[in-house]
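Hi,

Here is the structure I promised to send over. Please have a look at it first; my notes on what turned up follow underneath.

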Amino acid sequence: MKVGANIKDFLFEKTTALFALCVLGLTLLLFALLIRESLPAIRKFGVTFVTNSTWDPVLEEFAALPFLYGTLVSSFLAILIAVPLGVGSAIFINEFAPGWLKTPISFLAELLAAIPSVIYGLWGIFVLVPILRDNFMKPVSRALGWIPLFQGPVYGPSMLAAGVLLAIMVVPFILSVSREVLATVPQVQKEAVLSLGGTHWEMIRIVIGQHCIPGIFGATILGLGRALGETMAVTMVIGNRPDIVLSLFQPGYSMAAVIANEFTEATGDLYLSALVEIGLVLFLLTIVVNLAAKWILTRMVPGRAGR
Amino acid sequence: MTSIAFRRKATDRIMKALFLLSAFLVILPLFLIFFDLLWKGAKELKWSLLTDLPRPVGEPGGGIANGILGTLTVTGLAMAGGIPLAVLTGIYLAEYGKGAFASVVRFAVDLLAGVPSIILGIFGYVLWVLPMKRFSAWAGASALAMIFIPIVVRTTEEMLKTVPVSVREGALALGIERWKTTLFITVRTAAAGIITGILLAMARILGETAPLLFTALGNQFWQTGLDQPIATIPLQVFSYAISPYDDWHGKAWAGAVVLILMVLVLSTVARLLTRTRK
């Protein structure tokens, strides 16, 4: 009887372990397949794949720098916009919002996170891009067109449009992680500042300066990880032109977008292999960024290990 | 003296206003998006949208019925494979996961959760499309399963860990075998949470487009088999949106409304499920 139970327990544990092994195996398989399919391109181009900027399927010349550039610039732009807004609204919800307002605001932010990215892209093409073009890019281009960042003709689809749309998409994540970070501040410290006659703002400045900067940095990195891999929305508004230009008003291209656009058209093994290698570079980039975010946040927010 | 007090008070007011403004700016796009969805999708929101096949440009009418069926098919396939794999892995990590092997699995799940969805499309392509030489529902579903699995593993593990140890000990003290305790007591106690996780993950993969672009590919007609290309709503929204035709743009908006309704219903049900348990 007892032995029988032990065998069943043993079998049950090993069965669940087997499934866990499968999940591990799938992850390794993903990595292995990406490497295997990239090999022809890695052999052919070596390091020049990420340092050159020619992308010419006809001549079979492939290099990823314009896409790497577009991914990084659009993501950093997004973070630049999203972090102040996300942290600001986290502070508002946690510290100032009346009780009845807290739940609705965070609920709406969660909804924002649940919208599929193709819908952001659709809205981006038909609503955001025209608004940005007519109300921001055109006037700025007219007044400040001599600044390299705003140079060139205004089309609409651009690095700026991609950055703004990405900012809208990653802000909910930065918001919710920032709220967790803010919640780790001991109540007594806030009360101490207030009891010394500090204003609310002084309390926030002092307490956040003391406690939350690393955590907010972690939230930022996490948002960056999201932005780097975002595909549909970026593909639909970035303009899809593989050039490296400083101007934010000009079209660009991102790594995820070139995979999305050209994968089905990739004739020839080397073309396909080059696209998979772009995927591999993107994969490694997001892994590094996500691990960094996790490393920072598990130190900052206790009990966050499982996220 | 008074000027310093005034300045401090003014700064306080201004900063508070800025915080309020940032919260407003974060929420504003949500309202704009919902407004535009209804405004621009309204014209095409008819029954035929849900019951008809797509029609060529210029022909009025037509719908996304094949996409609705295809979305359900691909999502269903991904879940059929993903649920057992993810839930059992979650059980392993929560109930037995103390050793080095468990840490490695946890690390792999973490990595997988952060992988951009387009890369899982490459996974589906290399695994299915290359050897079979054709786009298929299987390829799309395996890409989606790779997104589904890490989300459900994490929520299952988290939910099982919220079950108090005393519940397990109570069952074991009554002489119930450990595997029975796990399956019929611990997992049942956490069931609402686990199902919530599954529904949220389902809502997530329902709206995925990128991993399906070169796996499921899309289809103008009814699906003919799981080894054939298959239409889904997100793919239809995408191809209508980037087309140059006005009436297709209308269809893109209407398709987006259908999609977002499915996502909203799922997330609302998921939330209600955990709320009633608490």
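**Where the two chains meet**

The contact draws on 69 residues from chain A and 71 residues from chain B. On the chain A side, the element that gives the most is helix α1 (residues 2-45), with 18 residues touching chain B. By class, this side of chain A divides into 47 nonpolar, 17 polar and 5 charged residues. Please keep in mind as you read that this is a predicted model.

**Chain A as a whole**

Chain A has 12 helices and 0 strands, so you will not need to look for a sheet in it: read along the sequence, the pattern is α-α-α-α-α-α-α-α-α-α-α-α. The C-alpha trace of chain A spans about 80 × 70 × 35 Å along its principal axes. Of the 307 residues in chain A, 48% are buried. Among the contacts in chain A with a separation of 6 or more, 77% are between residues 24 or more positions apart.

**A helix pair in chain B**

Over in chain B, you may like to look at helix α3 (residues 65-96) and helix α9 (residues 191-206), which pack at an angle of about 140° with their axes 10 Å apart. That angle makes α3(B) oblique to α9(B), and the crossing of the two is right-handed.

Which residues make the contact between them? From α3(B) come B:Thr71, B:Thr75, B:Ala78, B:Met79, B:Ile83 and B:Val87. From α9(B) come B:Ile194, B:Ile198, B:Met202, B:Ile205 and B:Leu206. Sorted by class, the contact of α3(B) with α9(B) has 9 nonpolar and 2 polar residues, and no charged ones.

**One residue to zoom in on**

The last stop is B:Ala216, which is found in the loop between α9 and α10 (233-241) of chain B. Is B:Ala216 buried or exposed? B:Ala216 has 33 other C-beta atoms within 10 Å, and 20 or more are enough for a residue to count as buried, so B:Ala216 is buried.

Leaving aside residues up to four places away in sequence, B:Ala216 touches B:Val74, B:Phe135, B:Ala137, B:Ala139, B:Gly140, B:Pro229, B:Ile230, B:Thr232 and B:Leu235. For a pair that is 78 residues apart along the chain, try B:Ala216 and B:Trp138: their C-alpha atoms are separated by 7.7 Å.

Happy browsing, and best wishes!

Terms used: Residues are numbered from 1 along each chain as its sequence is written. Chains are lettered from A and ligands numbered from 1 in the order in which they are written. This is a predicted model: local features need pLDDT of at least 70, side-chain atom pairs count only at pLDDT 80 or more; totals for chains, interfaces and linings use all residues. Two residues are in contact if their C-beta atoms, placed from the backbone, lie within 7 Å. Helices (H or I, at least four residues) and strands (E, at least two) are DSSP runs, numbered from the N terminus. Ala, Val, Leu, Ile, Met, Phe, Trp, Tyr, Cys and Pro count as nonpolar, Asp, Glu, Lys and Arg as charged, and the others, Gly among them, as polar. A residue is buried if 20 or more other C-beta atoms lie within 10 Å of its own, exposed if 12 or fewer, and partly exposed in between; C-beta atoms are placed from the backbone. Axes are lines fitted to C-alpha atoms, for helices over the stretch in contact, and angles run from 0 to 180 degrees between N-to-C directions. Angles under 35 degrees count as roughly parallel, over 145 as roughly antiparallel, 65 to 115 as roughly perpendicular and the rest as oblique. A crossing is left-handed if the near helix is turned anticlockwise from the far one by less than a right angle, and right-handed if clockwise.
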